[in-house]
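Student: I've got a protein structure open and I'm not sure how to read it. Can you walk me through some features?

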Amino acid sequence: MALITSDRARFPNDPWQLVETVHLPGNAGTLETLFSLGNGHLGIRGAHWAAVDAELPGSFINGFHEIWDIKHAENAYGFARTGQRILYVPDANNFVVIIDGEMLSLEESTVLDYRRSVDFATGVYECRIVWQCRSGATVTTTERRAVGYQARGALGISLEVAADRDISADVTSAVVNRQDQPVEDHSAHDPRRAGRHAGRVLLPLRLDGGDGSLRLSWEAAESKQRLGMAVDHWTSAGVQPFDTQVDQDDSSVRYVLAVSPDAPFVLEKSVSYAVGRAADEDPAETAESALLSVAEIFAQSEAHYRDYWTTSDIVVGGQAELQQAIRWNLFQLAQATACADVAGIPAKGVSGSGYDGHYFWDQEVYLLPYLTYTNPGNARQVLEFRHELLPEARVRAKELSVDGALFPWRTINGLEASAYYAAGTAQFHIAAAIAFATNRYIWASGDTEFQATLGSDLLVETARMWASLGFFGKDGLFHIHGVTGPDEYTAVVNDNLYTNVMARFNLRAAAALDHPGIDDAERELWEQAANRMHLPFDSDLQVHSQDNDFMTLEPWDWNTPRSKYPLLLNFHPLVIYRHQVLKQADTVLAMFLQWQDFTAEEKRRAFDFYDPITTGDSTLSACVQGIMAAEVGYGMAALEHFIHALYIDLDDTHGNTIDGVHIASTGGVWSSLVSGFAGLRDQGEVPHFDPRLPADWDSLDFHLKLRGGLLHVELDGTQLRLTVPDGAPLEVDVRGERFMVGNEPVTVPLHAVVSPEPTVFPGPATASLPVVRAAG
């Protein structure tokens, strides 16, 4: 059931804010995700300040995690050994407000007016509630929050209490260690959700406080990572704390005072987090040294987004209903990546604990396109993070009897954390994703220093893995067996087309390097493996097969009720594996990423065959299906898939937004607009555009950072307008014609794209038993 779009009175369509005007019970956890704040390093969920009104509150720091030994019921050599899970860091967003003896809460108090919002233009969360107190007073509370950017561990919170008459106010501000609170482990019922630890995780190192200030630090029991907090309070009129309490799980500062109508009480809470590793390091001191005033934190947030939207906004003309959702997705991309530094981007960013805070291939295939063209410096940092994990990846390669480097399917610290190898370790294609993102960054940025050093390392080590994983068969072709492609509903197969296509790219990119570590024999091996790569093809259907045996599988029963989806929660993997059904785009994704390797007819027939049998159980799928629908000329299908991707979280269509934003899908929304409707294809001789603007859209406007310059793209139904207002002139291909674009606009007329007639493939065969007649 839709959430945001189902009630536009409650959630009005504001192009620069997500707004809620009425509080209703239910969906609190999902809304905590939608109203969360973050900067890629620090995240805070959008929970209400009263404990009774919050469902899954918390704060996170990217990469701050705990480890444990994975206990396999039946162990085997090379299985993942070390579990990793992002931790809830002690949370500062907690207040108890008592007015004239009444504790205010949305659940039990009378609310006269309510409005909360997160402002995309400033990064500021605000919640304003007007309460009718039992004492007769009308009280207004306004809470505002923002995270820092130059100071990425900074969080600023202000709480104002105003009244229409004299009142007695009792306000407590708390820091709560949520990680060690008893909470249900939802992962037992849904593997997409985060698990919990059985024992105590955060061990206190320092617990100091007094006069409204707190200096606190903890150490994770097994990972030994250290976390420090410094918290200062400031009040209007210099009100001093009534009490300051310090505890490992609940520290608080309390204010008791009279509030008059002409002098609202304002409490500002400045928080600084710091992560440390050294045993002799006190991270609380590091946090203290970075403390800022709340005003400074808000100013940093506002300045960051003022700059961000100048070059990262995407404007769709004539579609006011979609513009808010587009900006919300772009806002989430900024919140997940802006200050990650040399670290990975978790699948949920820092908005929740889903997928245990792990880094997957999502960041290279779905996030790096956005970063490469909007913030190339951050894209480089993500690739530097992968490079830092090369030593662990080389060790993992040896465990799996391959050369080079084998990156883990899911990880935080560089070790494989996927306990189910069929849908984890077997997804060797993550190596090609890293190589692909590396090559794209080098191509788009022109960063020759990176290419000659870290980039070459990544391309070479992944190529060595492919060369040793595959083999030349009796047919003279190169095969890669025993792998799982992006579609996790078809596991451990031979010659997955996506894997082979991407491995071929990887081998060719490495072979093209002028690198002293590559000898002639190795280069020749890579070139031969790439040129003779086996790509499964069904000659009867004239469609590329997802793998060698996919076309022989029994078709899925499409009369399966919707209540049985997603299939992974309702059917044993073996049931799913033996059927022709997809969790997400696989072959179609290969044809998008390696767009030059397939003809228009091959792409169209593949889309016609695979799209109807793709469940969309993965949030990674709709965006890719929409991009390819646009390319092959199916305008309505492209728009339908795009809108599905656009509202995955806003409408909680997959039922697990409570655990955090699906950050890869938000990256897919960016690609849907830029690569789908504007038709950008990269890594060719020059940037290539083949626009496919939906018929009822007036225009599409965005910027791309390319080769140190800025390309401005303006598209409407009849023409594409290109300008490079900043940087050297850029050669661009538009539907096969080359143009040199500089600071004077280049306008290219566009003819309408004719939608082709879809291929109709035979339906599932109906098996029938032979009739056996008795002799007589």
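Tutor: Sure, and keep in mind that this is a predicted model. A good place to begin is how much of the chain is hidden: of the 776 residues, 62% count as buried.

Student: How many helices and strands are there in the chain?

Tutor: The chain has 17 helices and 34 strands. Its radius of gyration is 27 Å, close to the 28 Å that the globule rule gives for 776 residues, so the chain is as compact as a globular protein of that length. If you prefer a box, the C-alpha atoms fill one of roughly 90 × 80 × 60 Å along the principal axes.

Student: What about contacts between residues at least 6 apart in sequence: what share joins residues at least 24 apart?

Tutor: That share is 66%.

Student: And what does the surface look like in numbers?

Tutor: The accessible surface comes to about 29,200 Å², and 51% of that belongs to carbon and sulfur atoms. As for charges, there are 57 positive and 104 negative side chains. The centres of those two sets lie 3 Å apart.

Student: Let's try a helix. How do I check that H15 has the length it should?

Tutor: Count residues, then compare the expected span with the distance between the ends. Helix H15 covers residues 621–632, and at 1.5 Å a residue its 12 residues should span 16 Å; the end C-alpha atoms are 17 Å apart, which agrees.

Student: Is H15 mostly covered or mostly open?

Tutor: Mostly covered, since 11 of its 12 residues are buried. Among them are Cys 623, Ile 627, Met 628 and Val 632. Here's a general idea to carry with you: an α-helix has 3.6 residues a turn, so residues three or four places apart point the same way.

Student: Which elements do the buried residues of H15 pack against?

Tutor: They pack against helices H5, H13, H14, H16 and H17, and also against strand E27. Right after H15 comes Gly 633, with a positive phi near 105 degrees.

Student: Which residues other than glycine have a positive phi?

Tutor: Gln 542 is one of them, with phi near 55 degrees. You'll find Gln 542 in the loop between strands E23 and E24, and it is partly exposed because its relative accessible area is 41%, in between the cut-offs of 20% and 50%. Another is Gln 683, with a positive phi of about 65 degrees. Gln 683 lies in the loop between E27 and E28, but it counts as buried at 15% relative accessibility.

Student: While we're on backbone angles, where is there a cis peptide bond?

Tutor: Look at the bond joining Tyr 565 and Pro 566, where omega is about 0 degrees. Pro 566 is in the loop between strand E25 and helix H12.

Student: Now a single residue in a strand, please. Is Val 171 buried or exposed?

Tutor: Buried, because its relative accessible area is 0%, and buried means under 20%. Val 171 lies in strand E13, residues 167–176. The residues it touches include Val 96, Leu 159, Tyr 255 and Phe 265, if you skip those up to four places away in sequence. To gauge a distance across the model, take Val 171 and Gly 616: they are 445 residues apart along the chain, and their C-alpha atoms are separated by 47 Å.

Student: Where can I see residues apart in sequence but 8.7 Å apart in space?

Tutor: Try Pro 691 and Ala 630, which are 61 residues apart in sequence and 8.7 Å apart in space, C-alpha to C-alpha. Ala 630 is one of the buried residues of H15. Pro 691 sits in the loop between strands E28 and E29, and it too is buried, with a relative accessible area of 3%.

Student: One last check: is Arg 386 buried or exposed?

Tutor: Arg 386 is buried, with a relative accessible area of 0%. Its place is in helix H6, residues 376–388. Leaving aside neighbours within four places in sequence, its contacts include Trp 361, Glu 364, Phe 407 and Leu 458. For a second arginine, pick Arg 504 in helix H10, which is buried at 11% relative accessible area. Arg 504 touches Ala 530, Met 533, Leu 535 and Asp 597, not counting residues up to four places away.

Technical notes:
Residues numbered from 1 in each chain as written. Predicted model: local features only at pLDDT ≥ 70, side-chain atom pairs only at ≥ 80, totals over all residues. Heavy atoms only, no water. Helix = DSSP H or I, 4+ residues; strand = E, 2+ residues; numbered from the N terminus. Rg over C-alpha atoms; globule rule 2.2 N^0.38 Å. Buried < 20%, exposed > 50% of the residue type's maximum accessible area, 1.4 Å probe, protein only. Contact = heavy atoms within 4.5 Å. Areas by Shrake-Rupley, 256 points an atom, 1.4 Å probe, with all protein chains shown as cover. Lys, Arg positive; Asp, Glu negative; His and termini not counted. Charge placed at Lys NZ, Arg CZ, Asp CG, Glu CD. Expected span 1.5 Å × (residues − 1).
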